[in-house]
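Here's a quick briefing to read with the model open beside you. It goes through charged pairs, then a helix, then strands and a pocket.

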Amino acid sequence: MKNRLLTLWVLVALLAASSCRTSGPGTPARTVAEFFNKYENRSGFKATDWSAGLTTRLLLLKLGNLGGDNELTQAISAVRSVKVLTFSPTSGSARELVAEGLTKEVDGLLANERYTPLPVTAEAGTTVMRYSARQQGDKVKEVVATGNVQGAPESFMLVAISGDFTQSQVNKLVKFLPNVSGELAK
């Protein structure tokens, strides 16, 4: 009886340990905001928080250069804020943090917060972005993009765009974002 009880406890402990998601250093973030707070002041990380006015002006300027359409202009006008977190590793352990810790931590928090992965993987040069969105009713309230910094394939970038978008506007933003990711990371 004691052996069975001990075996059961060991099994439960192993299952609990294997179900924990891996992450960067410390306790895994549970929300996108916590992720930004956790890493924004750490060495090697750069965080940028743009207000809607500045973001809109910069993106509309870039949009004019790209010959965007009316729906994309409306999507950009619906942006309330853009937060960008970048990290460019300079050592082997930092590259491992990007490959194993940061990406898995973001994937775990997006799944826990019920973000819906968008079926688009857009590439612009060396930038590969993955997108997820959080909806409320028929409106998308936040779009999160993860990928790397343009020209630095071993880097990490997280972009969180909050606003009030239609699904069609989100589709336009997802196609547009890789073209401006370099400017966002600056």
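K38 and E105 form a salt bridge, with their closest N and O atoms 3.0 Å apart. K38 sits in helix α2 (residues 32-39) and E105 in helix α5 (residues 92-112), so this pair ties together parts that are 67 residues apart in sequence. Keep in mind that this is a predicted model.

**Salt bridges**

- Is K38 buried or exposed? K38 is buried, at a relative accessible area of 16%, because the cut-off for buried is under 20%.
- Its partner E105 also counts as buried, with a relative accessibility of 0%.
- How many salt bridges turn up when the whole structure is searched? The search comes back with 5, and the K38 and E105 pair is one that fits the description.
- R30 and E34 bring their side chains together in a salt bridge too, at 3.1 Å from N to O.
- On the R30 side of that pair, relative accessibility is 54%, so R30 counts as exposed.
- E34 comes out at 28% relative accessibility, which makes E34 partly exposed.
- R134 and E142 make another side-chain salt bridge, at 3.0 Å from N to O.
- R134 is partly exposed, with 31% relative accessible area, whereas E142 is buried at 10%.
- As a bit of background, side chains of opposite charge can pair when their charged atoms come close.

**Helix α4**

- Which residues of helix α4 (residues 70-77) are buried? They are L72, A75 and I76.
- These residues span an arc of only 95° around the axis, so they end up on the same side of α4.

**Strand β6 and its partners**

- β6 is mostly covered, with 10 of its 14 residues buried.
- Strand β2 (residues 79-87) pairs with β6 in the antiparallel sense, over 8 bridges.
- Looking for a landmark in that pairing? Find V82, whose bridge partner in β6 is I161.
- β5 also pairs with β6 in the antiparallel sense, again over 8 bridges.
- In this pairing, G147 stands opposite M157 of β6.
- β5 and β6 make a hairpin with 2 residues between them.
- G151 is in the turn of that hairpin and has a positive phi of about 85°.

**The largest pocket**

- Rolling a probe the size of a water molecule over the atoms shows where empty space is left.
- How much space lies in the largest pocket? The volume is about 150 Å³.
- Which residues line the largest pocket? The lining is made up of T103, V128, R130, T146, G147, N148, S155 and F156.
- Three strands, β4 (127-136), β5 (139-149) and β6 (152-165), each supply at least two residues of this lining.
- β5 gives the most to the lining, with 3 residues.
- By residue type, the lining splits into 5 polar, 2 nonpolar and 1 charged.
- G147 shows up in two places here: G147 is among the residues lining the largest pocket, and G147 stands opposite M157 in β6.
- β6 likewise links the two topics, as β6 pairs with β5 and supplies at least two residues of the pocket lining.

Methods: Residues are numbered from 1 along each chain as its sequence is written. This is a predicted model: local features need pLDDT of at least 70, side-chain atom pairs count only at pLDDT 80 or more; totals for chains, interfaces and linings use all residues. Side-chain values use heavy atoms; hydrogens and water are left out. A salt bridge is a side-chain nitrogen of Lys or Arg within 4 Å of a carboxyl oxygen of Asp or Glu. Buried means under 20% relative accessible area, exposed over 50%, partly exposed in between (1.4 Å probe, protein chains only). Helices (H or I, at least four residues) and strands (E, at least two) are DSSP runs, numbered from the N terminus. The arc is that of the directions from the helix axis to the C-beta atoms. On a 1 Å grid over the protein atoms alone, a cavity is a set of points where a 1.4 Å probe fits but cannot get out, and a pocket is an open set with protein on both sides within 12 Å along at least five of seven lines; lining residues have an atom within 4 Å of a point. Grid points are joined across faces, edges and corners, and a volume is the space filled by probe spheres set on the points. Ala, Val, Leu, Ile, Met, Phe, Trp, Tyr, Cys and Pro count as nonpolar, Asp, Glu, Lys and Arg as charged, and the others, Gly among them, as polar. Two strands pair if DSSP finds at least two bridges between them.
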